[in-house]
Amino acid sequence: MQRRAFLKWSLQAGALTALAMTGWGCSRDAQDDDPLIRLPSLPYELDALEPYLSAETLRIHYGRHHRAYVNSTNRLLREAGLKRQPLVDILQGSYQPKACVQSALFNNAAQVCNHTFYWNSMKPKGGGQPRGVMADWITKSFGSYATFRTLFAESARNHFASGWTWLVLAEGRLNVLSTANAVTPFVMDMQPLLVIDDWEHAYYLDYQNRRDRYIEAFLDHLLNWDFAAANLKKA
C-alpha cells in the first residue's frame with residue numbers, strides 16, 4: 001500500500017485506530033463551536049491503564065496537552081484561511097523536510113496525530129511478547145523479541161529531550177525509529193505500527209525522571225500488539 005493510502009486508512013480506521021480525518025465522529029472540543037478537527041475519544045477509560053499510567057496522568061496528558069494541540073491546530077488553520085481538510089493533507093502540506101524548525105501548524109497537527117496513535121498503541125493488560133504475525137515479523141526483522149525489546153528500550157531511553165520512539169515498516173522490514181519533537185513517520189516513506197511518547201509530560205507524574213521504568217511498563221504491560229498487527233495487515 002502506498003504511503004498516502006496507508007495514512008488515509010490509518011486516519012479512517014475508526015475504533016481500532018481512532019486516528020480520524022476531519023469529522024472524526026468523536027467528542028467535540030467544548031472550547032470550539034465549529035472545530036475543523038476534533039479531539040478523538042480515548043479508546044479506554046482514564047483509569048484503564050493503572051497502575052502503570054495513572055488516571056491523573058491521562059487526565060492531564062489527554063485532557064490538556066492533546067486538547068491544546070487540537071485547539072491550536074484549529075486556530076492556526078483559521079488564521080491561515082484554510083478550510084476543513086483531511087489531517088493527512090495538513091501534515092503533508094506543512095511539513096518542511098529540510099528545515100530544522102517546523103512550522104507551528106505542522107507541530108500542532110502532527111502532535112494531534114502522534115498522540116492519537118500513542119493512545120491506541122496501548123491497551124489494558126497489554127505488553128509482553130507478540131504472537132502470530134507480529135511475532136514472525138519481529139523475529140524476521142530483529143532476530144528475536146529480546147533483541148527488539150533492547151533496541152526499542154535503548155532508543156526511547158537515550159532519546160535526548162522531547163520526541164517519540166516508533167516501530168515502523170520500511171523497505172520490507174520492521175525498524176525502530178526515533179523522531180524529535182513533533183516529527184512523525186506519517187510524512188516519511190515508512191509506515192508506523194506503534195509508538196511510545198518520550199515527552200516528559202507523558203510519564204513524570206507517575207515515574208518522575210525515571211524514564212526507564214516508564215519504558216519498561218510500556219513494553220511489559222501496555223503495548224498493544226493487536227494495533228500493530230492491524231496496521232501491518234493494511235500496509
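In the predicted model, Ala170 of strand S1 has Arg173 of strand S2 as its bridge partner. S1 and S2 run antiparallel and are joined by 8 bridges. The two strands form a hairpin with 2 residues between them, and Glu171, located in the turn, adopts a positive phi of about 55°.

On the S3 side, S1 (residues 163-170) is connected by 6 bridges, again in an antiparallel arrangement. Within this pairing, Trp166 is matched with Val195 of S3. The three elements constitute an open sheet of 3 strands in the order S2-S1-S3, with antiparallel pairing. Strands S2 (173-180) and S3 (191-197) form the edges, each pairing on one side only. Neighbouring strands of the sheet are turned by 25° against each other on average, direction ignored. Helix H5 (residues 132-142) packs on the sheet and touches S1, S2 and S3; the direction of H5 makes about 80° with that of S2.

Strand S1 is largely enclosed by the rest of the structure, because 8 of its 8 residues are buried. Both of its faces are covered: one side presents Gly163, Thr165, Leu167 and Leu169, and the other Trp164, Trp166, Val168 and Ala170, all of them buried.

Elsewhere in the chain, helix H9 spans residues 225-234. Its N-terminal end is capped by Asn224, of which a side-chain oxygen lies 3.1 Å from the backbone nitrogen of Asp226. The buried residues of H9 are Trp225, Phe227, Ala228, Ala230, Asn231 and Leu232. In an α-helix, residues three or four places apart point the same way, because there are 3.6 residues a turn.

Technical notes:
Residues are numbered from 1 along each chain as its sequence is written. This is a predicted model: local features need pLDDT of at least 70, side-chain atom pairs count only at pLDDT 80 or more; totals for chains, interfaces and linings use all residues. Side-chain values use heavy atoms; hydrogens and water are left out. Buried means under 20% relative accessible area, exposed over 50%, partly exposed in between (1.4 Å probe, protein chains only). Helices (H or I, at least four residues) and strands (E, at least two) are DSSP runs, numbered from the N terminus. A polar contact is a pair of N or O atoms within 3.5 Å; within protein, one must be able to donate a hydrogen and the other to accept it, and residues adjacent in sequence count only if both atoms are side-chain atoms. Two strands pair if DSSP finds at least two bridges between them. Axes are lines fitted to C-alpha atoms, for helices over the stretch in contact, and angles run from 0 to 180 degrees between N-to-C directions. Contact means heavy atoms within 4.5 Å.
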